[in-house]
Each structure stands twice: as structure tokens, then as C-alpha cells.
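Here are some friendly notes to read alongside the model. Please keep the structure open as you go through the points.

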Amino acid sequence: MITNDMLAGLALEARREGIDAVTLRAIVEEASDAGAARALERLGLADPQAHGDVRELRQLLDAWREAKRGALKAGLDWLVKALIALMLIGIAVRIGVGELVR
């Protein structure tokens with residue numbers, strides 16, 4: 001891998017000449033790039049289609065969150081309507097609406 005070769009070369013140069021700030025920064029950047037590439041590869045996101053896959057997953061996650069919000073809202077609406085209906089039934093029983101109808 002080119003990045004690993006670059007990192008090995010920078011480390012060898014640092015060993016030979018002593019580490020200055022520029023060399024140290026280059027080593028850190030190359031190591032960071034190599035680590036990021038390795039992490040993406042392990043996650044299966046190193047291929048060219050990965051960008052589209054991640055976008056699709058984000059859209060799916062957004063849709064799931066929206067559906068969850070909708071379901072919670074519908075459940076809460078149903079609960080409020082049920083409580084109001086129970087209150088109305090209780091009031092009707094309390095005032096004796098059933099006896100008035102007879």
C-alpha cells in the first residue's frame with residue numbers, strides 16, 4: 001500500500017536525521033490516513049459505492065425516525081381521545097343519563 005510505504009519512509013528518515021516538526025507532522029498525517037483507510041476497510045466502506053450506501057442508510061434512518069415520531073403522536077392522540085371518552089361516560093353515569101332515556 002502506498003500510504004504504508006510513505007509512513008515507513010518517513011519513520012526511517014526521522015530515525016536517520018532526528019525528528020523535526022515538519023517530519024513529525026508528516027508522520028502523524030500519514031499514520032492518520034492509514035488508520036482511517038484501515039477503519040473504513042474493516043467497516044466495509046472502502047469501496048466506491050460506499051458513499052451511496054451511507055447516504056441510503058441515512059435516508060432510511062431519517063424515515064425510521066419520522067415514522068417513530070408519527071407513531072408516538074398517533075398513540076398519544078388515541079390515548080387522549082380514550083381518556084376524554086371515559087370522562088364523558090363517567091359524567092353521563094354520574095348525572096344519570098341512562099335513567100333520563102327510559
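1. A word on charges before anything else: Lys and Arg are counted as positive and Asp and Glu as negative, while His and the chain ends are left out. On that count the protein chain carries 14 positive and 15 negative charges, and the mean positions of the two sets are 14 Å apart.

2. Please bear in mind that this is a predicted model. The mean pLDDT of the protein chain is 86, and 91% of the residues reach at least 70. Among the elements, helix H3 (residues 50-95) has the highest mean pLDDT, at 95, whereas helix H4 (residues 97-101) has the lowest, at 67. Where pLDDT is low, the predicted coordinates should not be read in detail.

3. What is the pattern of the protein chain, read along the sequence? The answer is α-α-α-α, with 4 helices and 0 strands in the protein chain. The radius of gyration is 33 Å, well over the 13 Å that the globule rule gives for 102 residues, so the protein chain is more spread out than a compact globule. The C-alpha trace tells you the extents along the principal axes: about 105 × 30 × 15 Å.

4. How much of the protein chain is buried? Buried residues account for 8% of the 102 residues. The accessible surface amounts to about 9000 Å², and carbon and sulfur atoms contribute 64% of that surface.

5. Helix H2 deserves a look of its own. Its 23 residues reach 33 Å from the first C-alpha to the last, close to the 33 Å expected at 1.5 Å a residue. Which residues of H2 are buried? They are Thr-23, Ile-27, Glu-30 and Ala-34. Just after H2 comes Gly-44, with a positive phi of about 80°.

6. Leu-40 also belongs to helix H2, which covers residues 21-43. Leu-40 has a relative accessible area of 41%; it is partly exposed because buried means under 20% and exposed means over 50%. Its C-alpha lies 25 Å from that of Ala-63, with the two residues 23 apart along the chain.

7. Now to helix H3, which has 46 residues. From its first C-alpha to its last, H3 reaches 67 Å, close to the 68 Å expected at 1.5 Å a residue. Following H3 is Gly-96, which has a positive phi near 80°.

8. Two residues of H3 may be handy for finding your way around. Asp-53 is located in helix H3 and is partly exposed, at 37% relative accessible area. Between Asp-53 and Met-6 the C-alpha separation is 30 Å, and the sequence separation is 47 residues. Leu-83 is in helix H3 as well, and its relative accessibility of 46% makes it partly exposed. How far apart in space are Leu-83 and Val-28? From C-alpha to C-alpha they are 63 Å apart, and in sequence they are 55 residues apart.

Terms used:
Residues numbered from 1 in each chain as written. Predicted model: local features only at pLDDT ≥ 70, side-chain atom pairs only at ≥ 80, totals over all residues. Heavy atoms only, no water. Helix = DSSP H or I, 4+ residues; strand = E, 2+ residues; numbered from the N terminus. Rg over C-alpha atoms; globule rule 2.2 N^0.38 Å. Buried < 20%, exposed > 50% of the residue type's maximum accessible area, 1.4 Å probe, protein only. Areas by Shrake-Rupley, 256 points an atom, 1.4 Å probe, with all protein chains shown as cover. Charge placed at Lys NZ, Arg CZ, Asp CG, Glu CD. pLDDT = per-residue confidence, 0-100. Expected span 1.5 Å × (residues − 1).
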